[in-house]
Amino acid sequence: MPTMIPQLPKRKTRSVRKMARVADTTVDEIGIADQGDPADLLPLGEQPTTAMTWHEPAQLATLEARDITAWFGDHLVLDQVSLTMRAGEVTALIGPSGCGKSTFLRILNRMHQLVPSASLAGEVLLDGVDIYNPSMRLTQARRDIGMVFQKPNPFPAMSIYDNVVAGLKLTGVRLSRGARDNVVEECLTKAGLWKEVRTRLRQPGGALSGGQQQRLCIARSLAVRPRVLLMDEPCSALDPTSTRVIEETMSDLVREVTIVIVTHNMQQAQRVSNQCAFFLAAQGEPGHIVEHGPTDAMFGAPQDPRTADYVHGRFG
Ligand SMILES: Nc1ncnc2c1ncn2[C@@H]1O[C@H](COP(=O)(O)OP(=O)(O)OP(=O)(O)O)[C@@H](O)[C@H]1O
Ligand SMILES: [Mg+2]
C-alpha cells in the first residue's frame, strides 16, 4: 500500500535549492521537479500538492514518443520522431552531434519546456498516459522519468547520504530515519556504489571520483522510484573502468527500470542496449530517426546505408 507522507517544511526544500546553485546545477537537473517553490517550476495553472506518495518499485513501464516535433524559437530541430522504448529494455539513441538526441531525451521528461524559446508538438506516453496531458503533474512526470547527465552533478558539499535522499526531500516525501537508511543502502547498492562508500556516508559527495559521483547521481535518481531512467552520455567523462562499472549497473537496473541512453560510443551501444535508434539531421534540416530496431540488427545488418556508414565509423 502506498504511504501518504506530508510535505516537508519549505525551509528544508529551499536549502536543497541553495545547494543546487553551489553545485552549478538546478533542481530540475537532478532529474526531478522541485516542490519547494512550486510557482517557479509548475506549469501555469498547476497547483502544488501537499502530500506525495512513496511506494515500492512500480511495474516496468513502456515509454512511447509519438510524432515529436520540436523547435527552439523558429528553428525546427526534430521532425515527427516516433519511438517506442520498451519496458525492461535499454534503448540507445545514436547519431552525429547536433541531430537532436539530447533535445529528444529532454522532451521525454518535460525538461525541454525549461528553455524559454522551446516548443514542441506530439505525445509522450508512459504506459499509455500522455505525460503532457494537463492532468499529469510535472512533479509526477519527473519522478516517473528520471535523468542522469553527461557531467556528474552531485551536490558537492552535501554528504553522500544526503545526496541520495535529496530527491525525496524535493518531492515532499518524508520518511522515518530507518526507512531513509534503507533507501540510501538500497539505491547505492543498485547504483553499484554501496561497497565503496558504506563507511563514509557522511563525507561530501564532491570528494568522490568522477565515476563514483556519476553512480551517486544514479542512486539519487533511483531514490524517487522512477519507472524510466534517461541517461545522456553518462560515461563520456569517465575512464574505462568507471564506464564498465556503470554499464554493469545498467544491465542490473534494467530489470526494474526502463533505460534510454544517448551514446556516441558504438561499442557501448552494442554492449548495453537491446534496441537502438539512429538519429540524423541533414545540413539545415531537422533531426529524424533514419532507422531503429534490435541492436544486433542495427549493427549486423542495417537496412539503410547511412546507418551502416555511421555504425561502422565512416562518418559522425
Ligand atoms: N537551448 C537551446 N537553444 C537553442 N538551440 C538549441 C538549444 N539546445 C539545442 N539546440 C539546437 O538543437 C539542435 C539539436 O541539439 P541537441 O543538443 O539536441 O543535439 P545532440 O544530438 O544531443 O548533439 P550532441 O551529440 O552534440 O550532444 C542543434 O541544432 C542545437 O544547436
Ligand atoms: Mg547531446
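These are my notebook entries on one predicted model of a protein chain with a ligand.

**Ground rules**

I number residues from 1 along each chain as its sequence is written, and I letter chains from A and number ligands from 1 in the order in which they are written. Since the model is predicted, I take local features at pLDDT of at least 70 and side-chain atom pairs only at pLDDT 80 or more, while totals for chains, interfaces and linings use all residues.

**Overall counts**

I began with the whole chain and found 12 helices and 12 strands. Here helices (H or I, at least four residues) and strands (E, at least two) are DSSP runs, numbered from the N terminus.

Next I looked up burial: 46% of the 316 residues are buried. I call a residue buried if 20 or more other C-beta atoms lie within 10 Å of its own, exposed if 12 or fewer, and partly exposed in between, with C-beta atoms placed from the backbone.

I also checked contacts between residues at least 6 apart in sequence, and 72% of them join residues at least 24 apart. A contact means that the two C-beta atoms, placed from the backbone, lie within 7 Å.

**The sheet**

In what order do the strands of the open sheet run? I read 8-9-10-5-11-12, which makes 6 strands with mixed pairing. For pairing, DSSP has to find at least two bridges between two strands. The edges are strand 8 (145-148) and strand 12 (288-294), each paired on one side only. I get an average twist of 15° from one strand to the next. That angle is on a scale from 0 to 180 degrees between N-to-C directions, with axes as lines fitted to C-alpha atoms (for helices, over the stretch in contact).

Reminder to self: strands of a sheet pair through backbone hydrogen bonds, either parallel or antiparallel.

I then walked through the pairs, starting at an edge.

- Strand 8 and strand 9 are parallel over 4 bridges, and Gly-146 has Leu-229 as its bridge partner in strand 9.
- Strand 9 (residues 228-232) runs parallel to strand 10 with 5 bridges, and Asp-232 is partnered with Val-262 of strand 10. Between these two strands the chain passes through helix 9 (residues 240-253), in a right-handed β-α-β crossover. Right-handed means that, with the strands pointing away from the viewer, the path from the first strand over the helix to the second runs clockwise.
- Strand 10 pairs with strand 5 in the parallel sense over 4 bridges, and Val-90 sits opposite Ile-259.
- Strand 5 (residues 90-94) also pairs with strand 11 (residues 275-280), parallel over 4 bridges, where Ile-94 faces Phe-278.

**Covered strands**

In a regular strand the side chains alternate between the two faces of the sheet. I looked at both faces of strand 10 (residues 258-262), where 5 of 5 residues are buried. Thr-258, Val-260 and Val-262 lie on one side, Ile-259 and Ile-261 on the other. Strand 8 is an edge strand, yet both of its faces are covered too, with Ile-145 and Met-147 buried on one side and Gly-146 and Val-148 on the other.

**Ligand 1**

Which residues surround ligand 1? I listed Phe-72, Val-77, Ser-97, Gly-98, Cys-99, Gly-100, Lys-101, Ser-102, Thr-103 and Val-115. The cut-off is a C-beta atom, placed from the backbone, within 6 Å of the molecule. Helix 3 (residues 101-107) gives the largest share of this shell, with 3 residues. By class I have 4 nonpolar, 5 polar and 1 charged. Ala, Val, Leu, Ile, Met, Phe, Trp, Tyr, Cys and Pro count as nonpolar, Asp, Glu, Lys and Arg as charged, and the others, Gly among them, as polar.

**Helix 5 and odd backbone spots**

Helix 5 (residues 160-170) is largely enclosed by the rest of the structure, because 11 of its 11 residues are buried. The buried ones include Asp-162 and Lys-169. Gly-172 follows this helix with a positive phi near 80°.

I flagged two positive phi values outside glycine. Arg-225 has phi near 60° and is in the loop between helix 8 (210-222) and strand 9. Arg-225 counts as buried because it has 22 C-beta neighbours inside 10 Å. Glu-233 has phi near 45° and is in the loop between strand 9 and helix 9. Glu-233 has 21 C-beta neighbours inside 10 Å, so it counts as buried.

**Last lookup**

Is Ala-207 buried or partly exposed? Ala-207 has 15 C-beta neighbours inside 10 Å, so I logged it as partly exposed. Ala-207 belongs to the loop between helix 7 (194-197) and helix 8. From Ala-207 to Ser-159 I noted 9.3 Å, C-alpha to C-alpha, at 48 residues apart in sequence.
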